[in-house]
Amino acid sequence: MDIRLDGITHAYDDFEVLRDISLDIASGQIVCIVGPSGCGKSTLLRFIGGLERPNAGRVLQIGAPPPDSLNPLTYIFQDFALLPWRTVAGNISLVLEDHGIRNAAAQEIIADVLARTKLSDFSGALPKQLSGGMKQRVAIARALAVRPAVMLMDEPLSALDAQTRELLMDDLVDLWTRQPFTAVYVTHNLAEAVRLGHKVVVLSRRPGQIREIVSIDTPLGERAFGDAELDRHQKHLWQLMRDEARAADAELIHG
Amino acid sequence: MADTTTSQGAAHSDSRAVAFRGGGFAPRPRRWVGALVFVVLILVAEWGTRAGWISALTLPKPTDVLETFRELYESGMLFRHLGPSLSRLVVGAAIGASIGISVGVLIGLFSYIRSGLVPLVAAIFPIPKIALLPLFVIWFGIGEGSKYALIAFGTFTPTVVATYGAVDNVDRTLIRMGQSFGLSWWSIVRKIVLPGAMPGILSGLRISLAIAIILLVAAEMLGAEYGIGAYILEAGSLYDLERLFAGVVILSLLGVTVSTVIGAIERRLLNWRS
């Protein structure tokens, strides 16, 4: 299943945040969206998953999602959004219960996704007992449990420290290499973007418009820390973003 | 490096330890301190009444109160009073709290219900429910009905206010998460909104149930033969201070019990809080 954004424009009251965004997200690819803060990148992600409606333009699904997909458009949030009163296994079972998956069938899925995110030993733990990195892995496990067609990741690593972020990026690359998934990955971190993105979409400052789409051809598995090619891409992205970021930083925060 | 170790040993004349100015603002439970306060107060009262610097008209002797209490227990009258009171309290508070929680959740979830009912709740909250007692008697009769209604009405308003405040405070990102995974509306309410509001609802219940105990006495002012409230009022009109205090002690114990039970429920239901 592909996703197509067609002329998305949005304003909160008379405050324009996004202008005429058109973009294709191909199946099996990770598309990173980067841009200065306040450029509307998280808003764009909420449009893609149907949590908010744009003033103009359409988000289209092209082709049917795989038949076994329970929740084709699945988010991973920056602040994890785990229910603190449910255990790790309970948080995953939450998203299965509404699909009538319980008991043995649910246990099987939970065991599988916990194994894939290396959390098998923690299924009975409460979120308060977990570190930030573990919490985000639980959230990733929960997303995998509903077999999404497209993962919508809203700055998933931004609440984590630098070391944990590196480890989780490796985990994401591993997951993708074993079973390629489609993802839209919003971040303000260019290192994450060049590490995980097949395409990097650079948005301008508010109102967000697409400035450039950079394709990175190095396969995900071969992108090592400090790769010269990646560095070149990252420098290029930073040049695109620097002036936008500086101008965005000098603006008053609205709303 | 060697330099620093030597200078550490040889204290300079103008060196001193940095004064500690952190700590505090983190009260922790200290066992038995609460009980100790009760014991000290009772001992002071006992000493005062025995020594005579507290006159018998001001305060009854704690040992006399205890004796009255023992008589009450041995004559079997304690449970004849306690039984009806407890059933009034349980039925009235259960009706009030359950309707209060339901209405509070509805106010927390729906714009029209919120706009319609919040002013109404604000209007009935400050009415002393005791003042409405005659009205309740007309509506629900002189029997148990009016007593249940009074207690239910009194617990209802604080429960509503606490509940919709608690629902307002449920983390919206969790609700968005539920929506993003395609959970049904009812699932979101049951599995996200209600558990998320539980801390606020329970702390509201602490207040509501204390109010229920206060109203219990008021409810028994009218046409109750048995009940702690009836017992206290009868003793009060006879200026029988020992019996009055024995009754008051029972109400206090009831309050402490309710608070302990809610504490236990909180520990059990809210062990997920960090």
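How many of the residues of strand 7 of chain A are buried? In this predicted model, strand 7, which comprises residues 182-187 of chain A, is mostly covered, with six of its six residues buried. The cover extends to both faces of the strand, since A:Thr182, A:Val184 and A:Val186 are buried on one side, and A:Ala183, A:Tyr185 and A:Thr187 are buried on the other. In a regular strand, side chains alternate between the two faces of the sheet.

The pairing of this strand was examined next. Strand 3 (residues 30-34) of chain A runs parallel to strand 7 of chain A and is joined to it by five bridges, and within strand 7 of chain A it is A:Val186 that stands opposite A:Ile33. Strand 6 (residues 150-154) of chain A is likewise parallel to strand 7 of chain A, to which five bridges join it; here A:Val150 has A:Thr182 as its bridge partner in strand 7 of chain A. Together with helix 5 (residues 162-178) of chain A, strands 6 and 7 of chain A make a β-α-β unit that is right-handed.

In chain B, a nonpolar patch on the surface is formed by B:Leu36, B:Val40, B:Val44, B:Trp47 and B:Trp53, whose accessible area together is about 550 Å². One of these residues, B:Val40, lies in helix 2 of chain B, which spans residues 33-51. B:Val40 counts as partly exposed because its relative accessibility is 43%, a value that falls between the limits of 20% for buried and 50% for exposed residues.

Definitions and conventions: Residues are numbered from 1 along each chain as its sequence is written. Chains are lettered from A and ligands numbered from 1 in the order in which they are written. This is a predicted model: local features need pLDDT of at least 70, side-chain atom pairs count only at pLDDT 80 or more; totals for chains, interfaces and linings use all residues. Side-chain values use heavy atoms; hydrogens and water are left out. Patches are made of residues with over 30% relative accessible area and no salt bridge: like charges are joined within 9 Å, nonpolar side chains (Val, Leu, Ile, Met, Phe, Trp, Tyr) within 5 Å. Accessible areas come from the Shrake-Rupley method with a 1.4 Å probe; for residues, only the protein chains shown count as cover. A salt bridge is a side-chain nitrogen of Lys or Arg within 4 Å of a carboxyl oxygen of Asp or Glu. Helices (H or I, at least four residues) and strands (E, at least two) are DSSP runs, numbered from the N terminus. Buried means under 20% relative accessible area, exposed over 50%, partly exposed in between (1.4 Å probe, protein chains only). Two strands pair if DSSP finds at least two bridges between them. A crossover is right-handed if, with the strands pointing away from the viewer, the path from the first strand over the helix to the second runs clockwise.
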